[in-house]
Amino acid sequence: MREITYRQALNEALAEELERDPSVFLMGEEVAEYHGAYKVSQGLLERFGPKRIIDTPISENGFAGLGVGAAMVGLRPIIEFMTFSFSLVAFDQVVNNAPNMLMMSGGQFNIPITFRGPNGPAHQLGATHSHATENLYVSVPGLKVCTPATPRDAKGLLKTAVRDDNPVLVLEAELLYSSKGIVEPPDEELLIPLGHADVKREGGDVSIICYAQTVPLALTTAQQLEEEDISAEIVDLRSIKPLDEQAIFESVAKTHRVVIVEQDRPFCGVGAEVCYRIQKNIFDALDAPILRVSQEDVPMPYNERLEKFVLPNADKLIAAVKKVCYA
Amino acid sequence: MQRPEQRDEVEMLALMLLIRRFEERASQQYQAQKIGGFCHLYIGQEAVAVGAVAATRADDYIITAYRDHGHALARGTSANACMAELFGKESGCSRGLGGSMHFFDKAHHMYGGHAIVGAHVPLAAGMAFASKYRSEDRVTLCFFGDGAINQGAFHEALNLIALYKLPVVLICENNLFAMGTSVKRSTSLKQIVDRAEGYDIPGEIIDGMNFREVRDKLGEIIISIRKESHPAFVEVRTYRYRGHSMSDPASYRTKEELEKYRLDDPITRFRAQLTREGKLTNEQFDRIDKQAKETVLAAVKFAEKSAELPVEKVYDYVYVNGAGQAGVSPATQP
């Protein structure tokens, strides 16, 4: 039993996969000599050398595309975006090149690439640096998208992503880089398959479906709800695409009430799809309409008080839970 | 160091003729509505793709934009597979899933067929990066049009290619028009090759209507790259006889201009050279032309007869190792 940070867990995943497979390389802004803007790649340059840990100029479209091209001829690039807000500059490569190649080439070219980096609002970074990009990317066929919330999930999912033969986005949670959790020792191989949700807390009255930065929010809120005799089950999606419908349905069949708390925007957000699938498949299990807690539908303001208002928070989540519980 | 065999020149002329006849037939089949979507013809530019391929080894990487029929045929993709692709058939080079703008042929190291202008130049950087990473002496040939040189992806890629000293030949097929916009109206430079200078990449101008010049100048560049990895840029001056695509009557240019270029036709010119040198008789030429026409006609028949991919197979091309496992679930079906 050992406790490490989310950041260290990602670092271990990178090091292990670089060690295991010489066709894996890490490329991005400040990943080598600066050790990563968030220090996720600390020590990797020293260990693996400049051939495999590669600093780039500020050219997201260019180096994301370079990754796709390298993947076409069999390398397994890990492309770091300093934040996924900057991936928007490379949208064409991530959305139009990586996931389309297999179809366009009639199955000749798959793209074994990992795009990773922090995603979602952090703290007072303003509108351009606060994007939760998941609902932009999960709508694209050919991409897989995972959203680890704990150090263990971060390590296990990133390692799986690197080994996947398809383009996978690992959307890390910027606010969780320093959070700690129990992770298996490095001599134990830790792989967590995509498409497997994790019940982070068992409960009987309401299912709170969450992912990434909303997982710790849901867990804290669940404790508060316990004091009011509401027992919440916390279902961490872990990967949004593929989506673990079964785990969602099992929880809902047990609790009959659902609140989805997501870090993205409400319009066509991740929760909208989850909600659709629940009502379509197990409508009769529901005792109340499904509610969603998300960001407000506005660009992110810089002002701290306004930012707090825009983000999902415990008050909004508690109110939603009470509403579905008719409490 | 492995060098390409000197390809037989009459064979290369035959390849240019095959492309010409293929495109003429594609045009006709498009008008007969056998071919869907957009269709961009390579007529007039044949010496570029064929000359470049003649300068490469079979394992060098080739990647191009959407006017890609000529490059695939030059590389060795069969006329059958190309025509079937245009017809959307399973026997097409991309199983009928890519269409005119997305020809792929892994066996012949033809990496597409890319239809977002400039977006494939970073891919070329990646392919060349992989060669260097693996210490291979393979060269990547990246073709694009004059319209690509003002696109952001192109500039980012050129900087990366130069910065990492990647083994890429950037081949700008300057046919004077990006769709209907002439280079004069799109580009602030006096000549396109000057783009290379901004990235410290050596640049050269090549007459794209002259097969031998294309082959020999690119051949020199490729030999130099194989010795020590570096990029190069060539502006190949060429001309497309047809409009941008099948729906374009090309009214933005004059008949006189078109006629001027037709007089400098790359096939006519190469034929004259070979004839003058006693390497080709008129009878021989007629024979290879007839052969090209027959090959293309047979390709149309092949494409017509070929089957389409069954609709349920569409899910097999979304993800490898577990078709449709991500996202595509019965719940998303209405």
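Which residues are buried in H4(B)? I put this question to the predicted model before turning to other parts of chain B.

**Entry 1: helix H4 of chain B**

I looked up H4(B), residues 79–86, and found eight of its eight residues buried, so that the helix is mostly covered. The buried residues are B:Ala79, B:Asn80, B:Ala81, B:Cys82, B:Met83, B:Ala84, B:Glu85 and B:Leu86. I then asked what covers the buried residues of H4(B). The cover includes helix H1 (9–31), helix H3 (69–75) and helix H12 (282–305) of chain B. Just after H4(B), I noted a positive phi of about 75 degrees at B:Gly88.

**Entry 2: strand S8 of chain B**

I next examined S8(B), residues 232–237, which is mostly covered, with six of its six residues buried. In a regular strand, side chains alternate between the two faces of the sheet. In S8(B), I found B:Ala232, B:Val234 and B:Val236 pointing one way and B:Phe233, B:Glu235 and B:Arg237 the other way, all of them buried.

Which strands pair with S8(B) in the parallel sense? I recorded strand S4 of chain B (residues 168–174), which runs parallel to S8(B) and is joined to it by six bridges. Within S8(B), B:Phe233 stands opposite B:Leu170. I also recorded strand S7 of chain B (residues 203–207), whose parallel pairing with S8(B) extends over five bridges. Here B:Glu204 has B:Val234 of S8(B) as its bridge partner. Following the chain from S7(B), I passed through helix H9 of chain B (residues 211–227) to reach S8(B), and this β-α-β crossover is right-handed.

**Entry 3: B:Ser182**

I located B:Ser182 in strand S6 of chain B, residues 181–182. Why does B:Ser182 count as partly exposed? I found 13 C-beta neighbours inside 10 Å; a residue is buried at 20 or more and exposed at 12 or fewer, so B:Ser182 falls in between. Leaving aside residues up to four places away in sequence, B:Ser182 touches B:Leu176 and B:Phe177. I also looked up the C-alpha to C-alpha distance from B:Ser182 to B:Leu280, which is 37 Å, with the two positions 98 residues apart in sequence numbering.

**Entry 4: the side of chain B that touches chain A**

I found 38 residues of chain B in contact with 41 residues of chain A. On the chain B side, strand S2 (110–113), helix H5 (121–133) and helix H6 (152–163) each supply at least two residues. H5(B) gives the most, with nine residues. By residue class, I recorded 24 nonpolar, eleven polar and three charged residues on this side of chain B.

Notes. Residues numbered from 1 in each chain as written. Chains lettered and ligands numbered in written order. Predicted model: local features only at pLDDT ≥ 70, side-chain atom pairs only at ≥ 80, totals over all residues. Contact = placed C-beta atoms within 7 Å. Helix = DSSP H or I, 4+ residues; strand = E, 2+ residues; numbered from the N terminus. Nonpolar A, V, L, I, M, F, W, Y, C, P; charged D, E, K, R; others polar. Pairing = 2+ DSSP bridges. Right-handed = clockwise from strand over helix to strand, strands pointing away.
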